[in-house]
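Biologist: Please show me the model. I would like to go through it by question and answer.

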Amino acid sequence: DTKDWARFQLLNAHDMSISGNPWVDGFLSAGLAPHRAHHIFPYQRSAWANHYSEQFIAAAAKEAGLPWLPPKNLFTEILPEIVCRQLLAPACDPVTRQQSYPNFASEHLAPSAWLSTLSYIATGLSGIGSV
């Protein structure tokens, strides 16, 4: 049910663990380690308030029959996924969404790729914007 906003937030956001200590993680993540609380209470301006709120959100989730999963580790669960989805994904044309190069090597060694990169840099530095 996508009409239940809080349910959607609970099922589609995850908390993050950096050091293993939630109070330290709040500081290291600029308040975003307790991410489910951040999504449900977006106007709380404190990681510590978000962390404190988690106990009540977990109880409400349990009452509603929703899962309350442990935080994902930044180094073993989140970063590897980011690398695979973002850094190692093939480049695509921004308009057609078609893959621009046949493989990883040609994407990084082709003169057209270097020219495109330099063009984006020059456009960005001129103040017009990169896209």
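Modeller: Helices (H or I, at least four residues) and strands (E, at least two) are DSSP runs, numbered from the N terminus. This is a predicted model, where local features need pLDDT of at least 70 and side-chain atom pairs count only at pLDDT 80 or more, while totals for chains, interfaces and linings use all residues. Residues are numbered from 1 along each chain as its sequence is written, and side-chain values use heavy atoms, with hydrogens and water left out.

Biologist: Where is Arg97 placed?

Modeller: Phi of Arg97 is positive, near 65°, and the residue is not a glycine. Its relative accessible area is 62%, so Arg97 is exposed (buried is under 20%, exposed over 50%, partly exposed in between; 1.4 Å probe, protein chains only). Arg97 sits in the loop between H5 and helix H6 (104–109).

Biologist: Is Ala30 buried or exposed?

Modeller: Ala30 has a positive phi too, near 55°. Its place is the loop between H2 and H3. Its relative accessibility is 69%, so Ala30 counts as exposed.

Biologist: How many salt bridges does a search of the whole structure find?

Modeller: Side chains of opposite charge can pair when their charged atoms come close. The rule asks for a side-chain nitrogen of Lys or Arg within 4 Å of a carboxyl oxygen of Asp or Glu. Asp15 and Arg36 meet it at 2.7 Å, N to O. With that rule, the search finds 2 salt bridges.

Biologist: How many residues apart are Asp15 and Arg36?

Modeller: Asp15 is in the loop between helix H1 (5–12) and strand S1 (16–17). Arg36 is in helix H3 (residues 35–40). The pair links distant parts of the chain, 21 residues apart.

Biologist: What is the relative accessibility of Asp15?

Modeller: Both Asp15 and Arg36 are buried. Asp15 counts as buried because its relative accessibility is 2%.

Biologist: Over the face of which residue does Arg36 lie?

Modeller: A charge sits over a ring if NZ of Lys or CZ of Arg is within 6 Å of the ring centre and within 35 degrees of the ring normal. Arg36 is at 3.7 Å from the ring centre. The ring belongs to Trp68.

Biologist: Which residue forms a salt bridge with Arg85?

Modeller: The closest N and O atoms of this pair are 3.4 Å apart. Being 4 residues apart in helix H5 (residues 74–87), the partners are separated by about one helical turn. Arg85 is exposed at 58%. Its partner, partly exposed at 35% relative accessibility, is Glu81.

Biologist: Tyr52 and Phe56 have rings too. Which kind of pair are they?

Modeller: Rings of Phe, Tyr and Trp (its six-membered ring) pair if their centres lie within 6.5 Å; planes under 30 degrees apart are stacked, over 60 edge-to-face, and the rest tilted. By this rule the count is 1 aromatic pair. The centres of Tyr52 and Phe56 are 5.5 Å apart and the planes are at 65°, so the pair is edge-to-face.

Biologist: How far apart are the end C-alpha atoms of helix H7?

Modeller: The expected span is 1.5 Å times one less than the number of residues. Helix H7 (residues 111–125) has 15 residues, so it should span 21 Å. The model agrees: the end C-alpha atoms are 21 Å apart.

Biologist: Which residue with a positive phi follows H7?

Modeller: Its phi is near 90°. The residue is Gly127.
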